[in-house]
Amino acid sequence: PHDTLGKHGASKILVKPAKIGSGLVAGGAARIVFTAAGINDVVAKSYGSTNPKNLVRAVFNALVSMRSR
């Protein structure tokens with residue numbers, strides 16, 4: 001995994017992988033999405049608008065843009 005930036009409207013979220021066991025460090029709507037997806041070790045920081053609907057879409061865009069090689 002790698003750092004990725006998800007955008008939707010004026011909302012942006014930076015998603016970084018974290019060390020195993022460090023837990024979920026994200027706020028608001030992003031935390032709910034990561035919990036529902038079963039992602040446990042991640043650090044996320046939101047920038048711009050904190051509208052929950054746009055943040056959820058930004059998180060989805062960030063997760064979709066991650067690709068394994």
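Colleague: In strand 4, which residue is the bridge partner of Leu 24?
Modeller: This is a predicted model, and in it two bridges join strand 3, residues 24–25, to strand 4, with the two strands running parallel. Leu 24 belongs to that short stretch of residues 24–25, and its bridge partner in strand 4 is Val 42.

Colleague: Strand 2 is also joined to strand 4, so to speak from another part of the chain; how many bridges join them, and do they run parallel or antiparallel?
Modeller: Strand 2 covers residues 11–17 and strand 4 covers residues 42–48. One of the facing positions is Leu 14, which stands opposite Lys 45 in strand 4. The two strands run antiparallel, and the number of bridges that join them is seven.

Colleague: Which handedness does the β-α-β unit have that strand 3, helix 1 and strand 4 make?
Modeller: Strand 3 and strand 4 run parallel and are joined by two bridges. The helix of the unit is helix 1, residues 28–37, and the unit made by these three elements is left-handed.

Colleague: Is Thr 4 buried or exposed?
Modeller: Thr 4 has its place in strand 1, residues 4–8. Leaving aside neighbours within four places in sequence, its contacts include Ile 13, Val 15, Ala 62 and Met 66. Because its relative accessibility is 8%, and the cut-off for that class is under 20%, Thr 4 counts as buried.

Colleague: What distance separates the C-alpha atoms of Arg 57 and Tyr 47?
Modeller: Arg 57 is found in helix 2, residues 52–65, and is partly exposed, with a relative accessible area of 44%. Arg 57 and Tyr 47 are ten residues apart along the chain, and their C-alpha atoms are separated by 14 Å.

Conventions:
Residues are numbered from 1 along each chain as its sequence is written. This is a predicted model: local features need pLDDT of at least 70, side-chain atom pairs count only at pLDDT 80 or more; totals for chains, interfaces and linings use all residues. Side-chain values use heavy atoms; hydrogens and water are left out. Two strands pair if DSSP finds at least two bridges between them. Helices (H or I, at least four residues) and strands (E, at least two) are DSSP runs, numbered from the N terminus. A crossover is right-handed if, with the strands pointing away from the viewer, the path from the first strand over the helix to the second runs clockwise. Buried means under 20% relative accessible area, exposed over 50%, partly exposed in between (1.4 Å probe, protein chains only). Contact means heavy atoms within 4.5 Å.
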